Amino acid sequence: MPFYYKRCSIRLKKWDYTKEGIYFVTICIQGRECLLGEIIENIMILNHTGKIVEKELTNMQKKFRNVIINLYQIMPNHIHILLEIKKGNDIRIGNIIRYFKGRVSSKAKVYWQRNYYEHIIRNEKEYFTICDYIINNPVEWNRK
């Protein structure tokens with residue numbers, strides 16, 4: 001009898017992901033390949049594929065009513081997004097991310113990791129800490 005790996009959900013149990021809130025989302029390129037550009041002197045320089053990603057991020061707000069991107073940072077092999085869902089939303093955050101990944105993959109040869117990381121922002125201090133992290137991510141890139 002073959003062994004099948006059972007995937008465990010990394011989502012918060014009993015949380016309604018259509019619920020109003022702000023989410024910190026990180027999406028990685030499969031294999032962590034640097035396909036979206038490069039960091040030169042602590043500034044992210046987008047290549048053609050990175051510009052497609054940026055365009056689809058802005059288009060996401062047009063597609064989904066009551067969804068706002070407060071902040072994002074495209075990195076060479078991943079992206080960080082502060083995604084705000086307003087009242088009256090009827091679509092899950094997973095569907096929003098799936099739509100975004102699909103749009104980028106159909107326009108560029110980008111393959112995403114199967115899942116994505118998400119964190120529910122719980123207070124103002126956490127919000128600003130994460131904003132600092134996102135903004136300073138290119139500066140920290142070469143320090144790793």
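Visitor: How many helices and strands does the chain have?

Guide: This is a predicted model, and read along the sequence its chain follows the pattern β-β-β-α-β-β-α-β-α. The chain accordingly comprises 3 helices and 6 strands.

Visitor: In what order do the strands of the open sheet stand?

Guide: Strand β1 pairs with β5 in the antiparallel sense over 8 bridges, and β1 also pairs with β6, again antiparallel, over 4 bridges. Strand β5 (residues 78-85) is in turn joined to β4 by 7 bridges in the antiparallel sense. The result is an open sheet of 4 strands with the order β4-β5-β1-β6.

Visitor: Which strands stand at the edges of this sheet, and what is the average twist from one strand to the next?

Guide: Strands β4 and β6 each have a single partner strand, so one side of each is left without a neighbour in the sheet, and these two are the edge strands. From one strand to the next, the twist averages 20°.

Visitor: Which residues of β5 stand opposite Q73 and I22?

Guide: In the pairing of β4 with β5, which is antiparallel and runs over 7 bridges, Q73 stands opposite H80. In the pairing of β1 with β5, which has 8 bridges, the bridge partner of I22 is E84.

Visitor: Which strands does α1 touch where it packs on the sheet, and what angle does its direction make with that of β4?

Guide: Helix α1 packs on the sheet by touching β4 and β5, two strands that pair with each other in the antiparallel sense. The direction of α1 makes an angle with that of β4 of about 165°.

Visitor: Is β1 largely enclosed or left open by the rest of the structure?

Guide: Strand β1 has pairing partners in β5 and in β6, and it is also among the elements that each supply at least two residues of the largest nonpolar core. Since 7 of its 8 residues are buried, β1 is largely enclosed by the rest of the structure.

Visitor: Which element gives the most to the largest nonpolar core?

Guide: In soluble globular proteins, nonpolar side chains tend to be buried together. Here the largest nonpolar core has 30 residues, and those with the most contacts inside it are I27, V53, L57, I79 and F100. At least two residues come from each of β1, α1, β4, β5 and α2, but the element that gives the most, with 5 residues, is α2.

Visitor: Which residues does I79 touch, leaving aside those up to four places away in sequence?

Guide: I79 is one of the residues with the most contacts inside the largest core, and its neighbours include others named for that core, namely I27, V53, L57 and F100. The full list, with residues up to four places away in sequence not counted, is V25, T26, I27, L36, V53, L57, Q73, I74 and F100.

Visitor: How many residues are in the second, separate core?

Guide: Apart from the core of 30 residues, there is a separate one that includes L82, I121, Y127 and C131. The size of this second core is 7 residues.

Visitor: How far apart in sequence are the parts that the F24 and Y117 pair ties together?

Guide: The whole structure holds 5 aromatic pairs, and the one formed by F24 and Y117 is edge-to-face, at 6.1 Å centre to centre with 80° between the planes. F24 lies in strand β1 (residues 21-28) and Y117 in strand β6 (residues 117-120), so the pair ties together parts separated in sequence by 93 residues.

Visitor: Are F24 and Y117 buried, partly exposed or exposed?

Guide: The cut-off for buried is under 20% relative accessible area, and F24, at 8%, falls below it and counts as buried. Y117 has a relative accessible area of 43% and is therefore partly exposed.

Visitor: Where does E41 lie, and is it buried or exposed?

Guide: E41 has a positive phi of about 50° although it is not a glycine, and its place is in the loop between β2 (37-40) and β3 (43-46). Exposed means over 50% relative accessible area, so E41, at 71%, counts as exposed.

Visitor: What is phi of N66, and in which loop is this residue found?

Guide: N66 counts as partly exposed at 26% relative accessibility, and it is found in the loop between α1 and β4. Its phi is positive, in a residue other than glycine, with a value near 65°.

Note on methods
Residues numbered from 1 in each chain as written. Predicted model: local features only at pLDDT ≥ 70, side-chain atom pairs only at ≥ 80, totals over all residues. Heavy atoms only, no water. Phe/Tyr/Trp six-rings, centres within 6.5 Å; stacked < 30°, edge-to-face > 60°. Buried < 20%, exposed > 50% of the residue type's maximum accessible area, 1.4 Å probe, protein only. Pairing = 2+ DSSP bridges. Axes fitted to C-alpha atoms, helices over the stretch in contact; angles between N-to-C directions. Contact = heavy atoms within 4.5 Å. Core = buried A, V, L, I, M, F, W, Y, C linked by side-chain atoms within 4.5 Å.
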